[in-house]
Amino acid sequence: MKDEIFKQPLEKQFEFDKNVASVFDDMVARSVPFYTQNLKLIVDVIDTFAQTNAKICDLGCSTASLLLTLFEKRKDFLLSGIDSAKAMLDIAKNKTNAFGAKIDFYEKNLDEFSFFKNDIFIATYTMQFIRPPKRQEIINQIYEHLNTQGMFIMSEKILYEDVKIAKKMIEIYENYKQEQGYSKLEIATKREALENILIPYTHEENISMLKNAGFARVESIFKWVNFETFVAFK
């Protein structure tokens, strides 16, 4: 379905409810620049580094698009996904059944989840929705539950410290969304709905958070304006 949620007047702050879940795949593809290409990049990086039968967990898996792409890439992967939104997981499970894939799903908030060992954790545009006081602890949990030589891939919306540059980057991003068919009203309404819900960090803050958890190496492998993907190695 096409995302037209924010054509209506704002009634509440943003949440991943049934309405959002029903249009999520369209929403994220049109709202996040190079979303499809970034997911393909993540899959290619995992394919390059992952051992046979690698255990991979997607944190905030939404409708399982990334997990299913990994399943298509390599059938030996042992896949799981965590999401707090039942509506998202309902769609994820339906898609997984249609693909004939074996993926384990867990409905839980990350700050309440009992992490288990994996070779790779992924969080694509997930940590930005975690309240800052809890964010470092979740990153710590990810690090502690990675197997030796494990890897964490994290995509995030980021901030710029320079106010003038930040303003210009927002203008470029909003122009991009208009090119994807969103009106200025929809863009403004969604921005208001996400206020204090989506809280991004700067590039430097994300790097520091990962290194504070113990990651020895952190690399940036993708960046477009205010969206960035990091790979952290244990």
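A salt bridge is a side-chain nitrogen of Lys or Arg within 4 Å of a carboxyl oxygen of Asp or Glu. Keep that cut-off at hand for the exercises below. The model is predicted.

**Exercise 1. A pair between two helices**

Task: Decide why E174 and R191 count as a salt bridge, and find where each residue lies.

Solution:
- Step 1. Check the distance. The closest N and O atoms of E174 and R191 are 2.4 Å apart.
- Step 2. Apply the cut-off. The limit is 4 Å, so the pair E174 and R191 is a salt bridge.
- Step 3. Place the residues. E174 is in helix α6, and R191 is in helix α7 (residues 184–194).
- Step 4. Look along the chain. The two residues are 17 residues apart, and the pair links distant parts of the chain.
- Step 5. Add the accessibility. E174 is partly exposed, with a relative accessible area of 21%. R191 is partly exposed too, at 47%.

Side chains of opposite charge can pair when their charged atoms come close.

**Exercise 2. A pair inside one helix**

Task: Find which helix holds both E171 and K167, and how many residues apart they are.

Solution:
- Step 1. Locate the helix. Both E171 and K167 lie in α6, residues 163–179.
- Step 2. Count along the chain. E171 and K167 are four residues apart, which is about one turn of the helix.
- Step 3. Check the contact. The closest N and O atoms of E171 and K167 are 3.0 Å apart, and the two form a salt bridge.
- Step 4. Classify each residue. E171 is partly exposed at 32% relative accessible area. K167 is exposed at 52%.

**Exercise 3. A loop meets a helix**

Task: Locate the two partners of the salt bridge between K134 and D111.

Solution:
- Step 1. Take the contact. The closest N and O atoms of K134 and D111 are 2.7 Å apart.
- Step 2. Place them. K134 sits in helix α5 (residues 132–144), while D111 sits in the loop between β3 (103–107) and β4 (118–124).
- Step 3. Note the separation. K134 and D111 are 23 residues apart, so this pair also links distant parts of the chain.
- Step 4. Classify them. K134 is partly exposed at 41%, and D111 is partly exposed at 40%.
- Step 5. Step back. The structure holds twelve salt bridges. K40, D44 and K73 are linked in a network of them.

**Exercise 4. Counting disulfides**

Task: Work out how many disulfides the model has, and why C57 is in none.

Solution:
- Step 1. State the cut-off. Two cysteine sulfur atoms must lie within 2.5 Å.
- Step 2. Find the closest sulfur to that of C57. This sulfur belongs to C61, at 8.1 Å, which is too far for a bond.
- Step 3. Turn to C61. The nearest cysteine sulfur is that of C57, 8.1 Å away, and C61 is in no disulfide.
- Step 4. Give the count. There are zero disulfides.
- Step 5. Classify the cysteines. C57 is buried at 1% relative accessibility, and C61 is buried at 2%.

**Exercise 5. Two unusual phi values**

Task: Ask of A64 and Q149: which is buried and which is exposed?

Solution:
- Step 1. Recall the general rule. Most residues other than glycine have a negative phi.
- Step 2. Read A64. Its phi is near 70 degrees, a positive value. A64 lies in the loop between β1 (55–59) and α3 (65–73).
- Step 3. Read Q149. Its phi is positive as well, at about 65 degrees. Q149 is found in strand β5 (residues 146–159).
- Step 4. Classify both. A64 is buried at 0% relative accessibility. Q149 is exposed at 70%.

**Exercise 6. A charged patch and two distances**

Task: Name the members of the negative surface patch, then give the C-alpha distances from M1 to M27 and from A213 to N140.

Solution:
- Step 1. List the patch. E161, D162, E204 and E205 form it.
- Step 2. Place one member. E204 is in helix α8 (residues 203–213) and is partly exposed at 44%.
- Step 3. Stay in helix α8. A213 is found there, and is buried at 13%. Its C-alpha is 4.8 Å from that of N140, with their positions 73 residues apart in sequence.
- Step 4. Go to M1. This residue is in the segment before α1 (18–31) and is exposed at 74%.
- Step 5. Give the last distance. The C-alpha atoms of M1 and M27 are separated by 9.2 Å, and the residues are 26 apart along the chain.

Key
Residues are numbered from 1 along each chain as its sequence is written. This is a predicted model: local features need pLDDT of at least 70, side-chain atom pairs count only at pLDDT 80 or more; totals for chains, interfaces and linings use all residues. Side-chain values use heavy atoms; hydrogens and water are left out. Patches are made of residues with over 30% relative accessible area and no salt bridge: like charges are joined within 9 Å, nonpolar side chains (Val, Leu, Ile, Met, Phe, Trp, Tyr) within 5 Å. Accessible areas come from the Shrake-Rupley method with a 1.4 Å probe; for residues, only the protein chains shown count as cover. Lys and Arg count as positive and Asp and Glu as negative; His and the chain ends are not counted. The place of a charge is taken as NZ of Lys, CZ of Arg, CG of Asp or CD of Glu. Buried means under 20% relative accessible area, exposed over 50%, partly exposed in between (1.4 Å probe, protein chains only).
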